Amino acid sequence: GINAEYMGTSPIRTTALRKRITKITSKSVYDMNRQGDSFEFLMDIINQCYSYCQYPTTVFRGVMDLVHGCRCHLVRSENPFFSLTLPISCQYSNLEECIHHALRYSELCHRCNSPKTTNQSVKKSPDILILHLNRFEVSNRTKISKNSIPLASIPEFAPSVYFSNYELYGVVRHIGGSIHGGHYTADVKVKGVWYDFNDSWISQITSPSVNGSEYILFYKRIG
């Protein structure tokens, strides 16, 4: 577990880490001192690491079989992915339902005026599964609002219908009502024990709570 001497003490200096991150990402030191989106920052790090080496390929990279089409055209392809962005609403807040709506959806094809459907299935799953809850929605083209609908639950294991043998080990939270501000915390499972990391404060918790702040879920392959 976490050594008790570090719990609630002064934060560890991250100067060296921040300098290293600015070298492998598109973020400058100035950007890192500004309010930013944790998911975009995470994807930036993974994409840049992928450009420099193949290590993320075996850790975060999965592959989807995609069938996309309508009456006027049909496309079949294999698409790599490093994360899944999930919609969440009052109609579906169960994690399995959120994944279902992310992989299968329809929209109108303006060319033939018929439904254009997208169906994806997991061909190759990653070692680390990153599930991003789409909390920020664009309305009236410019206004961005936050969706704070809580998940029905944060399951200990990913829905086996789509991802079998995956155990939850991390939750990133966004606390606040706006994309332009707020605060990030993280719940992390270390050697079977859950901890809440909130700036310099570390506290032991029973399990991640469900309150609408859950933003990114991390699952690892087991077995």
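Two strands count as paired if DSSP finds at least two bridges between them. Helices (H or I, at least four residues) and strands (E, at least two) are DSSP runs, numbered from the N terminus.

The model you have here is predicted, so local features need pLDDT of at least 70 and side-chain atom pairs count only at pLDDT 80 or more, while totals for chains, interfaces and linings use all residues. Residues are numbered from 1 along each chain as its sequence is written, and side-chain values use heavy atoms, with hydrogens and water left out.

**Exercise 1**

Find the residue in β5 that is the bridge partner of valine 67, and then place both strands in their sheet.

*Solution.* Start with the pair itself: valine 67 has asparagine 119 as its bridge partner in β5. Next, look along the strands: β1 (residues 62-69) and β5 (residues 114-124) run antiparallel and share 7 bridges. Another pair to check is aspartate 65, which faces serine 121 in β5.

Now turn to β2. It pairs with β1 over 8 bridges, again in the antiparallel sense, and glycine 62 stands opposite phenylalanine 81 of β2. The link from β1 to β2 is a hairpin of 4 residues.

Finally, assemble the sheet: 4 strands, antiparallel and open, in the order β2-β1-β5-β4. Because β2 (74-81) and β4 (104-109) each have a single partner strand, one side of each is left without a neighbour in the sheet.

**Exercise 2**

Work out how many residues of β1 are buried, and which helix lies across this strand.

*Solution.* First, apply the cut-offs: buried means under 20% relative accessible area, exposed over 50%, and partly exposed in between (1.4 Å probe, protein chains only). By that rule, 6 of the 8 residues in β1 are buried. Then look for the helix: α5 (residues 95-103) lies across β1, β4 and β5. Its angle to β4 is about 35 degrees, with axes fitted as lines to C-alpha atoms (for helices over the stretch in contact) and angles running from 0 to 180 degrees between N-to-C directions.

**Exercise 3**

Describe the surroundings of histidine 132.

*Solution.* Begin by locating histidine 132 in strand β6 (residues 128-133). Its relative accessibility is 6%, so histidine 132 is buried. Contact means heavy atoms within 4.5 Å; leaving aside residues up to four places away in sequence, histidine 132 touches Phe39, Leu84, Thr85, Leu86, Tyr215 and Ile216.
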